[in-house]
Amino acid sequence: MTAAAELPRPMTFTAAPALTGSVTVPGDKSISHRSLMLSALAVGESRVEGLLEGEDVLATAAAMRAMGADIQRDADGIWHIHGVGVGGLLQPEGALDMGNSGTSTRLLMGLLASHDLTATFIGDASLSKRPMARVTDPLAQMGASFTTSPGGRLPLTMRGACPAVPLDYRLPVASAQVKSAILLAGLNTPGITRVVEPIPTRDHSERMLRGFGADLSVEVEADGTRIITLVGEAELQPQQIVVPGDPSSAAFPMVAALLVPGSKVTIANVGLNATRAGLIDLLREMGGSIEVINAREVGGEPVGDLIVTASVLQGIEPDPARAPSMIDEYPVAFIAAALAQGRSVFRGLDELRVKESDRIAAMAAGLRAIGVPVEELEDGLIIEGSGGAPLKGGGPIATKLDHRIAMSFAVAGLVSRDGVTIDDMRPVATSFPSFTALLQTLGAMA
Ligand code: S3P
């Protein structure tokens, strides 16, 4: 990193004229991580198109290279990966630097848990505060051992077990990262690994494992519980993967287009997997006009183009059961609620306290700073909407090394009287490096 890159990069976002035009958002972060990891375990060349080239995914690429995979990007932006085979990862020489990325950390701990090697995981100040026991506990039951920092956090050193012991595990927390860590550990484990998921979470790992040829089945019980069964000692076949646009990134221009009066925006090629599409449902229930056209399937994932038209929104009290399908979208949903007519009550969101930042506290503080009446609950927020009137604005907003806090308040700035200043836009590079340029394409920040 250069000296300039180490300095915070504040930026002010001001009231925008009607947003118009057609844009695409970068590749899905969850799918990008998984495509690199599984390609690195297949013997032969896999090709990945549309990979998210953000810092989080590049951290995964660097880690897979450090453990023996050959990963190259060609001039057309296609990534070519030659894998080492299931069980073939090599001892990394130095510590694996995960930066800000919880997904890289937790999924890779799963992968390594059934390899005979030792690895140290380090990360930035945000990642070093996040709980890891949710993965180290089940992986320890499979035979891996961990030496962690206080509170089970990073930096930590792990020793994988080979052979590992297959696990039958009921998820105590609705987390796709925990589910995926166990399934990835199960790949190189003799016997059957089973994960029981009482509340469904994003299913990209299951889809992609099957696509690579793993013997994985999913049974859904009458109450919606999912039972995922994976036969270990799998052999993965190289694949050609096309990564759809990230719905979690599309969320920002989507909410901006609903809120800035007169806007009409097309966001093309957005992933619409039902386990990720909760924000679209929520915004429609609030009165938002979001039309899906060209619905199709790309690389085993549903995809479509969204036409979003500025709308008058109503406050809402969403069912917490939908949380996993929009878990990363709450910060920008809170901005939508701040402009809606009436009160919105969000509850059951304890998981938001352990994301890249404590998103309940960070959003409450930021909303207050820009003049939005808000009450912070243990597990959510109560927000009084402005009824469409511009927010007062202000700042600087403390982003706490959290890309989604930065982008959510940038959207708020577009519908503010005095503008909203973000204290540091650098974290946006983890998931959406082209965010500011995309807003400019739509006519904001002229
Ligand atoms: C992710 C799962 C979610 C999500 C994260 C990405 C994944 O985390 O918040 O951004 O790719 O599996 P949890 O598993 O902690 O809910």
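This note goes through the ligand site and the internal cavities of the predicted model.

1. Basis of the note. The model is predicted, with local features needing pLDDT of at least 70 and side-chain atom pairs counting only at pLDDT 80 or more, while totals for chains, interfaces and linings use all residues. Residues are numbered from 1 along each chain as its sequence is written, and side-chain values use heavy atoms, with hydrogens and water left out.

2. Shell around the ligand. The residues that surround the ligand (a heavy atom within 4 Å of it) are Ser30, Arg34, Thr103, Arg106, Ala174, Ser175, Ala176, Gln177, Arg202, Ile327, Asp328 and Lys355. Three of the shell residues are nonpolar, four polar and five charged, where Ala, Val, Leu, Ile, Met, Phe, Trp, Tyr, Cys and Pro count as nonpolar, Asp, Glu, Lys and Arg as charged, and the others, Gly among them, as polar.

3. Elements and domains at the site. At least two shell residues come from each of α2 (29-39), α4 (102-113) and α6 (176-187), helices being DSSP runs of H or I with at least four residues, numbered from the N terminus. The ligand lies between domain 1 (8-27 + 244-441) and domain 2 (29-241), because both give residues to the shell around it; the domain bounds come from an automatic or database domain assignment.

4. Polar contacts and cover. For polar contacts (pairs of N or O atoms within 3.5 Å), a polar side-chain atom of serine 175 lies 2.6 Å from a ligand oxygen atom, and a polar side-chain atom of lysine 355 lies 2.7 Å from an oxygen atom of the ligand. Alanine 176 takes part through a polar backbone atom, which is 3.1 Å from an oxygen atom of the ligand. Of the 390 Å² of accessible area that the ligand has on its own, the protein covers 96%, by the Shrake-Rupley method with a 1.4 Å probe.

5. Largest cavity. The structure holds two cavities of 30 Å³ or more, a cavity being a set of points on a 1 Å grid over the protein atoms alone where a 1.4 Å probe fits but cannot get out, with lining residues having an atom within 4 Å of a point. The largest has a volume of about 50 Å³, a volume being the space filled by probe spheres set on the points. Its lining includes Met254, Leu279 and Glu329, and α8 (247-259) and α9 (278-285) each give two or more residues to this lining.

6. Second largest cavity. This cavity has a volume of about 40 Å³, and among the residues that line it are Asp28, His204, Asn273 and Glu301. Its lining has five nonpolar, three polar and three charged residues.

How values were computed: Polar contact = N/O pair within 3.5 Å; in protein donor to acceptor, adjacent residues only side chain to side chain. 1 Å grid on protein atoms, 1.4 Å probe; cavity = no way out; pocket = protein on both sides within 12 Å on 5 of 7 lines; lining within 4 Å.
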